[in-house]
Amino acid sequence: MNLAELISALPFYETNARLDQIEISNIVMDSRAVKPGNLFVCINGYTVDGHDFIVQAVQNGAQAIIAERPVEAEVPTIVVPDTQRALSMIAVKFYHNPSTKLPLIGITGTNGKTTVTYILEKIFNEFKRKTAVIGTIQMKIGSETYPVTNTTPDALLLQQSFKKMLDKGVNQVMMEVSSHALVQGRVYGCDYDIAIFTNLSQDHLDFHKDLDDYLRAKSLLFAQLGNTYSEENQKYAVINQDDDASTLLKSSTAQHVITYGVKHASQVMANNITLGSGGTTFQLQTPIGEIMIQSKLIGMFNVYNMLAASAAAVCSNVPLSVIQAALAKISGVDGRFEPVDAGQSFAVIVDYAHTPDSLDNVLQTVKEFAENNVFVIVGCGGDRDRSKRPIMAEIALKYADQAIFTSDNPRTENPQAILDDMTNGLHQDENYQVIVDRKEAIHVAVSQAKAGDVILIAGKGHETYQQVGNTKYDFDDREVAKEAIQIKEK
Ligand SMILES: CC(=O)N[C@H]1[C@@H](OP(=O)(O)OP(=O)(O)OC[C@H]2O[C@@H](n3ccc(=O)[nH]c3=O)[C@H](O)[C@@H]2O)O[C@H](CO)[C@@H](O)[C@@H]1O[C@H](C)C(=O)N[C@@H](C)C(=O)N[C@H](CCC(=O)O)C(=O)O
Ligand SMILES: Nc1ncnc2c1ncn2[C@@H]1O[C@H](COP(=O)(O)OP(=O)(O)OP(=O)(O)O)[C@@H](O)[C@H]1O
Ligand SMILES: N[C@H](CCC[C@H](N)C(=O)O)C(=O)O
Ligand SMILES: [Mg+2]
């Protein structure tokens, strides 16, 4: 694309060159990935400053540079007040504003985002749409999958992915929108048709100043939802009425609000709920009618996830019979309350609970169905919110008969120091052990379990690695648990 045309997306900038003579082959924000003819955008990040890599970008063939301050370079430079914002705007322009041509649902909230995207995928597949999903586990376009670094990609990758989805005939997209992405402007310029809020509880207090600051970040998704009214293209905010944050989020948008809930009167509700160890049933009440739901998804938290997805589906004109058929078919989401069955007489469940609220929810569910003792194996991530560590340990002890505290991606922290943060406030006589090595922790629990017990292995879910320092080692809770069961059963 011609650089002058591309830059017309930005009203005010300073430059030292004529831009209409320059053709840009691609936009890049990483100097190491620059190819001849690219436009390099300098982002001042949390670790390093992209402005320090201009020489490398030019050596690799950068044709022009966008920076936040006057810089020395052998190629034309363009100075803008905020490169992160400019990046989103030019990415939207470069890929021809693809999200305006795609029905797009964004999901934010502390817990349940991944689960809701997968429930929606099932519903829209049942509705014969070609779907794409962007989130924590992977990016999925139809049946093709792509690995991801972040739950919500940066603006460049995101706009490029939307374009690819359009080219592949996708006509429904569901994506997780993390609070980090909202603060960093990764989703600026995304034309969401529906924004869903799942819930708010403590997490990421390493990144956000406090819970109010975290909520303000979440509210940006609703504040950014469609700025004009259009009767052909209505926008909806789908909000959990049972969560205290609902008041602020509802007032953050000028668009239609659809509420869902169980406790407070809402437009989409679950009535006559029965929660079983093999599944869940409830009467789904919506503005377009009622229908009985039967699902293999387990736990009250999954009733909320199903309500969020059903409300969004109703806003997308999906008939209730289609929602019913799809919810009946979902067997579960990778690494979310996933049973490990190697023929043993006790249950092993792998789950991605890594926040106080999710651990509380999942343990409450396990406790309700356990015939015998409950074991929990849990740790807390390194280089992440330290204040959640003692709270998660307390929650583990509140429900479990036997807790084993262990490592979960210690990253650059000392694993023992993370475990000390978890256990320092606990009384000595409580039923817990500290086993730093996660594999050993799983083997110990499996070796001690008796018939009818349940072992919950929390925190890593679908992850297939353990990150120690900056290295990711192969590690899969499900594989390790299977191995331990096989040794025990020999
Ligand atoms: C704290 C944080 O959010 N960091 C994100 C941020 O990285 P950063 O600011 O550290 O980047 P940086 O390394 O300082 O680099 C700054 C700039 O210099 C460039 N650079 C860098 C090196 C070089 O040699 N040349 C060069 O040009 C980089 O490409 C970049 O443009 O921008 C990167 C690109 O968008 C993200 O991948 C990265 O996410 C990291 C990997 C991360 O762990 N983020 C987590 C906290 C996160 O975002 N999590 C949420 C989910 C949370 C949840 O809900 O559970 C998510 O959406 O993933
Ligand atoms: N609606 C919910 N409310 C509370 N806890 C939930 C809910 N849904 C799922 N959980 C719990 O949270 C864990 C993570 O769920 P999920 O991956 O769907 O959330 P997420 O919001 O995508 O998380 P992340 O921010 O890490 O991407 C699950 O394994 C389960 O224990
Ligand atoms: N998106 C979350 C995932 C946490 C998963 C848990 N296993 C951990 O490493 O803390 C994060 O990066 O904070
Ligand atoms: Mg997720």
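UniProt positions are given here in the numbering of this chain, with feature names shortened, and such annotations may be inferred rather than shown by experiment. With that in mind, the unreviewed UniProt entry places a "domain: Mur ligase C-terminal" annotation over residues 335-461. The model is a predicted one, and local features need pLDDT of at least 70, side-chain atom pairs count only at pLDDT 80 or more, and totals for chains, interfaces and linings use all residues. Residues are numbered from 1 along each chain as its sequence is written, while chains are lettered from A and ligands numbered from 1 in the order in which they are written.

Back to the annotated stretch: the end C-alpha atoms of residues 335-461 sit 4 Å apart, and the span is 36% helix and 19% strand. Helices (H or I, at least four residues) and strands (E, at least two) are DSSP runs, numbered from the N terminus. The domain assignment, which is automatic or taken from a database, cuts the chain into domain 1 (3-94), domain 2 (98-329) and domain 3 (338-489).

Taken over C-alpha atoms, the centres of domain 1 and domain 2 are 34 Å apart. Their contact takes 9 residues from domain 1 and 8 residues from domain 2, where two residues are in contact if their C-beta atoms, placed from the backbone, lie within 7 Å. On the domain 1 side, helix α3 (residues 83-94) supplies the largest share, 7 residues. By class, that side has 6 nonpolar, 2 polar and 1 charged residues; Ala, Val, Leu, Ile, Met, Phe, Trp, Tyr, Cys and Pro count as nonpolar, Asp, Glu, Lys and Arg as charged, and the others, Gly among them, as polar.

Now for the ligands. Ligand 1 is surrounded by 19 residues, the closest being D30, G45, T47, N150 and S178; a residue belongs to such a shell if its C-beta atom, placed from the backbone, lies within 6 Å of the molecule. This shell divides into 6 nonpolar, 10 polar and 3 charged residues. Because domain 1 and domain 2 both give residues to the shell, ligand 1 lies between them. Around ligand 3 sit T151, H354, G381, R384, D408, N409, G459, K460 and E463, a shell with no nonpolar, 5 polar and 4 charged residues.

The unreviewed UniProt entry lists R384, D408, N409, P410, R411, G459 and E463 under "binding site". One of these, P410, is found in the loop between β20 (402-405) and α13 (415-423). P410 counts as buried because it has 23 C-beta neighbours inside 10 Å; the cut-offs are 20 or more other C-beta atoms within 10 Å for buried, 12 or fewer for exposed, and partly exposed in between, with C-beta atoms placed from the backbone. Leaving aside neighbours within four places in sequence, P410 is in contact with G382, P415, I418 and V468. R411 is also placed in the loop between β20 and α13, but its 17 C-beta neighbours inside 10 Å make R411 partly exposed. Not counting residues up to four places away in sequence, R411 touches G381, G382, D383 and Q467.

As for the interior, the largest nonpolar core has 149 residues, of which V238, A312, V376, I377, I455 and L456 touch the most other members. Helix α9 (residues 300-315) gives the most to this core, with 12 residues. A nonpolar core is a set of buried Ala, Val, Leu, Ile, Met, Phe, Trp, Tyr and Cys residues joined through C-beta atoms within 7 Å.
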